[in-house]
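Here are my notes after going through this one, in the order I'd want to read them. Have the viewer open alongside.

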Amino acid sequence: MAEKRKLKTASTTWRRKIESHETFSHDSIDSLGYDWERIGNPKIEPKFPFKVYLPRKAKDVAEAVRECKELGQELRIRSKGHSSNDLVLNEGGAVMLMQGMDQILDVDEANLTATVQGGAISALIDDHLAPLGLGLPVIGDHRDITVGGFASVGGISPASHRFGMFIDNVLALEFVDWDGEIKRCSREDNSEDFYSLLAGLGRHGVITEVTLRLIRIDKYRTIWENHQSHYRSMDDFIAGTKPIIEEPGDVMMERGVWVEFKFPGGKKLGIGQFSEYRETSQTVVHKARNSGSYGVLHGIGRVAGNLPEKLDMALKYVGMGGVMLSPKYASIKNIEFFTDKVLDSTVGDPTRMLIVLGPLDRYEQIFRSCWELMDGYRDKHGCFTFLSVYVKSIRSDYLARDGQDRFCELMFYTGVHPDKMTTELLDEIVEQFDDIVIE
């Protein structure tokens with residue numbers, strides 16, 4: 001019992017240090033008028049709903065769906081508003097807020113499964129599991145990611161080359177269809193519904209309950225060693241990272257990033273980094289180095305957003321330097337939440353993300369084509385400040401086609417010049433980005 005209390009205290013202390021956005025709260029009424037678009041366009045006008053449902057159980061969801069159908073109203077589903085593209089906004093309309101459906105219903109230690117409500121937050125589920133020596137194989141890197149939201153989009157982590165996407169670890173679902181009927185499905189039963197709901201962006205119903213696969217793990221106290229490589233050119237980064245993501249070997253977690261800054265006069269400076277986290281001895285020294293180095297980095301993250309604008313901007317670049325020079329030793333939990341606890345997306349330049357999930361054998365082609373597109377727009381229009389690409393490897397049964405189960409994620413994380421990135425220009429960039437990916 002003492003061991004459990006110690007684990008719970010560690011997780012609670014660690015969680016209190018997470019605050020991803022200093023400039024707004026996801027839990028305010030004001031947040032109902034926004035989605036993730038505000039990160040890329042802080043001056044965007046809100047789109048407030050007129051009616052908000054606050055369900056606590058599947059029956060409440062079903063009644064709300066039927067009521068909206070009878071009234072001829074469209075119903076949008078949201079929790080903390082991490083979606084974009086207006087998926088969770090409904091100006092003047094009806095929104096269902098899933099935050100009240102956040103209960104952990106059952107943990108089956110023998111069969112390594114947990115059943116939770118759709119609004120349960122993945123980070124808090126992990127905290128609940130920690131005293132049991134259990135955890136989620138794949139978890140969102142933000143404290144507010146819900147299992148229903150993650151299941152609706154896919155979900156990637158630095159462990160996805162081992163455990164797949166979040167949806168590869170979903171075993172069963174309860175949902176309410178758009179006729180207001182409560183249904184259940186799994187990989188074996190009603191599988192058509194099951195696979196339609198996963199990564200379905202809410203088009204096929206409201207996820208009210210999720211059964212998840214678990215693993216035995218101690219995320220807060222297990223330390224892994226970072227075998228890190230650095231690169232001075234994009235050519236070297238691609239050539240160096242390609243074999244690593246193709247054959248991870250005994251790597252427990254992995255991720256890479258290439259970032260490039262453009263200075264006055266047109267000069268560009270790029271640097272790349274790739275981290276391979278491997279098992280190591282659990283010594284006092286290794287644990288102390290994890291605590292000390294991440295204590296400094298997380299301190300940067302906590303201070304960000306509370307200083308004068310220019311100092312905040314400088315601090316963000318210091319944080320990016322900390323990402324590029326990742327600590328040598330890290331707890332599993334620090335690896336999972338690394339960038340989110342160091343870099344505040346609301347500090348400094350507005351940021352946008354364009355994400356590709358592509359076949360692993362197209363890694364270089366997708367990387368170069370998308371980079372060339374965005375770099376060209378930066379040179380011509382000055383709409384981007386910095387460009388970066390975060391790289392992860394994925395082994396996914398869900399994505400598998402024709403015997404191919406190896407994929408890669410390329411997340412283009414960019415700084416935006418708000419006065420130069422017009423809506424029309426952004427639409428043009430996204431359309432061409434999509435064309436490259438489809439091709």
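1. Let me start with a small spot: where does T280 lie? The model is predicted, and in it T280 sits in the loop that links β13 to α9 (284–303). Leaving out residues up to four places away in sequence, T280 touches I223, W224, E225, H286 and Y329. Y329 is 49 residues from T280 along the chain, yet their C-alpha atoms are separated by 9.0 Å.

2. Now the overall picture. The protein chain has 14 helices and 17 strands. Of its 439 residues, 53% count as buried. If you take the contacts between residues at least 6 apart in sequence, 71% of them join residues at least 24 apart.

3. On to the sheet. Seven strands make an open sheet, and their order is β14-β11-β13-β12-β16-β17-β15, with antiparallel pairing. The edges belong to β14 (329–331) and β15 (351–359); each has a single partner strand, so one side of each has no neighbour in the sheet. On average, neighbouring strands here are turned by 25° against each other, direction ignored.

4. A closer look at the β14 edge. Its pairing with β11 (residues 223–231) is antiparallel and runs over three bridges. One residue pair to click on is W224 and A330, the latter being the bridge partner of W224 in β14. W224 is also among the residues that T280 touches.

5. What lies across the sheet? Helix α13 (residues 363–381) does, covering β12 (253–262), β13 (268–279), β15, β16 (384–395) and β17 (406–416). Against β16, α13 runs at about 165°.

6. Then there's the packing. The largest nonpolar core has 33 residues, and those with the most contacts inside it are Y363, F367, F384, L410 and F412. The elements giving two or more residues to this core are α8 (234–246), β15, α13, β16, β17 and α14 (423–438). The largest share, eight residues, comes from α13. In soluble globular proteins, nonpolar side chains tend to be buried together.

7. L410 is a good residue to select if you want to see this core. Setting aside neighbours within four places in sequence, L410 is in contact with L354, I355, V356, Y363, I366, F367, V389, Y390 and V391. Apart from this core lies another one, of 30 residues, including A151, V170, I207 and L399.

8. Helix α14 passes a quick geometry check. At 1.5 Å a residue, its 16 residues should span 22 Å, and the end C-alpha atoms are 22 Å apart, which agrees. Its buried residues are worth colouring: L425, L426, I429 and F433 are buried in α14. Seen down the helix axis, the buried residues of α14 fall within an arc of 100°, so they line one face. The cover over them includes β15, α13, β16 and β17. On the face turned away from that buried side, α14 carries the exposed residues T423, E424, E431 and I438.

9. Last, helix α4 (residues 122–129). How many of its eight residues are buried? Six are, and the helix is mostly covered. The buried ones are S122, A123, I125, D126, D127 and L129. Note that D126 and D127 are on that buried list, so to speak a pair to look at when you go through the side chains of α4.

Technical notes. Residues are numbered from 1 along each chain as its sequence is written. This is a predicted model: local features need pLDDT of at least 70, side-chain atom pairs count only at pLDDT 80 or more; totals for chains, interfaces and linings use all residues. Side-chain values use heavy atoms; hydrogens and water are left out. Two strands pair if DSSP finds at least two bridges between them. Helices (H or I, at least four residues) and strands (E, at least two) are DSSP runs, numbered from the N terminus. Axes are lines fitted to C-alpha atoms, for helices over the stretch in contact, and angles run from 0 to 180 degrees between N-to-C directions. Contact means heavy atoms within 4.5 Å. A nonpolar core is a set of buried Ala, Val, Leu, Ile, Met, Phe, Trp, Tyr and Cys residues joined through side-chain atoms within 4.5 Å. Buried means under 20% relative accessible area, exposed over 50%, partly exposed in between (1.4 Å probe, protein chains only). The expected span of a helix is 1.5 Å times one less than its number of residues. The arc is that of the directions from the helix axis to the C-beta atoms.
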